[in-house]
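Please open the structure in the viewer and follow the stops below in order. Each stop names a selection and then describes what is found there.

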Amino acid sequence: MTLSNFVFAAILAVALGFFARSAQRLVRWLKLAKPEVRTDRPDVRTRNFLLIGLGQSKILREPLGGMMHALVFWGFCVLGLGTVEIMIQGLYTPFTWDVLLPRFLYVPYVFSQEVFAVFVLIPVAYLLYRRLVIKPKRFDEVSGADAVFILSMIATLMVTLLLLFVGDAMQPGADTTGRVITAMLLPLFSGLSGEAAHTLARVSWWIHAVLILYFLNHLPGSKHLHVLTSLINVWFSNTSGPGRVGAMRPMDLEAEDAEQFGASDIEHLSWKNLLDGYSCTECGRCTAVCPANTTGKLLSPRMIVVKTRARLTEKATTLDAIAAGGGTATAEQQAVLDKKLLDDWITEEELWACTSCRACVQECPVSIDQLDIINELRRDLVLMESRFPEELQPALTSLERNGSPWAFSASDREQWAEGMNIPTMAEMAAAGEKPDILFWVGCMGSFDDRAKKITVAFARILQAADVKFAILGQEETCHGDPARRMGNEYLYQMLAKGVIETLNGYELKTIVTFCPHCFHQMGKEFPDLGGHYEVIHHTEYIERLLAAGRVPLDTEHGQRLKVAYHDSCYLGRYNDVYDAPRNTLRKALPVVELVEPARTKSRGLCCGAGGGRMWMEENVGKRVNVERPEDLLATGADQIAVACPFCMTRINDGVTGAGKEVPVLDISEMVAARLSGAGVVAT
């Protein structure tokens, strides 16, 4: 070994030592949070790892910027092998992979190092240009200094790597096979002497090698920590569990040692929530699609995660300092410990602005679940402190007293069915019969005058298709989803368990509903409480009936209409049902020309009713249900189709408020209007 090798060995040892200490500290900080098992479904987790992590499928949802980031990521993956070679050369200068690899593998390796150095350098130049010149609005919220520094560092790494290749290629007897980029650059350095070329190579090697080690140690204290944690975060993401997409975290309210419900500080969150903080790139994609933020509210999903990370750093470093000082906190240190994530970092106003639409979760390229943190903080507000907007009180009180968020009597639940000869489950059980399906009507479908028209329309379709179905009638009560999204887990479980007891009593297996909130709750979240059913959304069920030829339709006549379909968040992003509503429209209504708004399918904008917002006024910024109808009306549609009673109310109000006379219809109404011999359903 030469002196140079000894010097590099010392630098490498120090750098790895510092990095190991930083890594150990970050892992130790995660242990401040609650434990959580996330090793189920390794097959699904592996798929997420390959598609979202390595394949960069989410980041590519933004075509140009996404491709630029993906090229940088893939470039670093390929260049990693060259980095190992450079580190070994620091300890033993003559080493190259040519010693271990056969020629037919070594030449492609050399080619890949040169090509991917350029593949990284070009997108880095674009990303710097975007940061410094274009300046997208979503970058305004956080400082871009670290991003510019990191991008500049990456650019320097690529330039020194290419210069290293040039210097090496100019040495006597150098093998330049596969060095296509070097061949293009060599004419620029033709005036260099052999000694100068050697110096260029050595200086470039040292800058590159030391910069790599500095970069490694810069990451743990930077927002670019995601370089190290994002793939891990994707593996452990909330979307990995069986049937768990969008399902809220289960909560054991009867645990004997339970002293805290929900989260007010970082130790009440799970380690995965804190890992989300480590993995946040601060790209702002979540905030850019947030309906609350888009319409001028305080909520920023990015800042929810950034603030969680900042609070963790603040509290953990203070605890470390106290431990190092003998275990006794100073007054200043105690003041830091007395703070909370809730109130001191994240405000009530931010939390209650959330519509629970999951757009932020959908867009995050590293599978962060911002909504999970919001839900846990809401639970603390409601269950531990009884703090929630006053306007939610009537809905919560009515849920507790009447089994519905509206103050209607249970005896009114089946008034919509008068004269339709629809049996209840109790009547069928008394007759010794069982239906093929239970039609779960839901609270809006039972009590809201506009939604009752959807209920009647779907029931007519079932009757026309000769489906043997029943309703619960007065036995049906709210399953508690609104209470759960508002943070009142206790009320939710009370209501949900009551519904499950009723359903299990009838040994029900298949439920059809037109409310996406009911569809999601009963299908995805009831299993945690012992309710296991096949739950089908009415658009999926109608699609099945149409495919089987069971729905008698008059498709020969009718005015050709241009229809825009609005995707419900709880149907689409929560349950991945995008095609069934569209297929139903196309099959049942061949005279329909389906047009898509600018924000559609998984990028669709929320109507503003979720997360308890149905019972709250919007007093800040633009109303979400004004913003969304503008998208739909901009298509020039003659009619707007929806598949959710909440969306029906919000979109209809927005269209009316805009002074437009464009009918807003549920898909079942549009199909029922074309039943053979049927008149047009009223709007």
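Begin by selecting V563, which stands opposite L594 in β6. The model on display is a predicted one. Extend the selection to strand β5 (residues 561–565), which pairs with β6 in the parallel sense over four bridges. Both belong to an open sheet of four strands, ordered β6-β5-β7-β8, with parallel pairing. Now display β6 (592–595) and β8 (664–666): these stand at the edges with a single partner strand each, so one side of each has no neighbour in the sheet. From one strand to the next, the twist averages 35 degrees.

Next, select F439, which stands opposite V512 in β3. The strands to show here are β1 (residues 437–440) and β3 (residues 510–513), which run parallel and are joined by three bridges. The open sheet around them has four strands in the order β2-β1-β3-β4, paired in parallel. Its edge strands are β2 (469–470) and β4 (534–537), each pairing on one side only. Add helix α24 (residues 516–525), which lies across β1, β3 and β4 and runs at about 160 degrees to β4.

Keep F439 selected and add W416 and L503: these are the residues with the most contacts inside the largest nonpolar core, which has 141 residues. Helix α21 (residues 449–464) gives the most to this core, contributing eight residues. Centre the view on L503; leaving aside residues up to four places away in sequence, L503 touches L438, W440, L472, L508, I511, M522, F526 and Y533. Another core, of 33 residues, lies apart from it and includes F8, M87, M158 and L219.

Turn now to the charged side chains; the structure holds 48 salt bridges. Select E36 and R249, whose closest N and O atoms are 2.6 Å apart in a salt bridge. E36 lies in the loop between α1 (3–30) and α2 (42–54), and R249 in the loop between α8 (226–235) and α9 (271–279), so the pair ties together parts 213 residues apart in sequence. E36 is partly exposed, at a relative accessible area of 24%, whereas R249 is buried, at 15%.

For the last stop, select R484 and E489, which form a salt bridge with closest N and O atoms 3.0 Å apart. Are these two residues buried or exposed? R484 counts as buried at 3% relative accessibility, and E489 counts as buried at 1%. Finally, widen the selection to E376, R379, D481, R484, R485, E489 and E525, which are linked in a network of salt bridges.

How values were computed: Residues are numbered from 1 along each chain as its sequence is written. This is a predicted model: local features need pLDDT of at least 70, side-chain atom pairs count only at pLDDT 80 or more; totals for chains, interfaces and linings use all residues. Side-chain values use heavy atoms; hydrogens and water are left out. A nonpolar core is a set of buried Ala, Val, Leu, Ile, Met, Phe, Trp, Tyr and Cys residues joined through side-chain atoms within 4.5 Å. Buried means under 20% relative accessible area, exposed over 50%, partly exposed in between (1.4 Å probe, protein chains only). Helices (H or I, at least four residues) and strands (E, at least two) are DSSP runs, numbered from the N terminus. Contact means heavy atoms within 4.5 Å. Two strands pair if DSSP finds at least two bridges between them. Axes are lines fitted to C-alpha atoms, for helices over the stretch in contact, and angles run from 0 to 180 degrees between N-to-C directions. A salt bridge is a side-chain nitrogen of Lys or Arg within 4 Å of a carboxyl oxygen of Asp or Glu.
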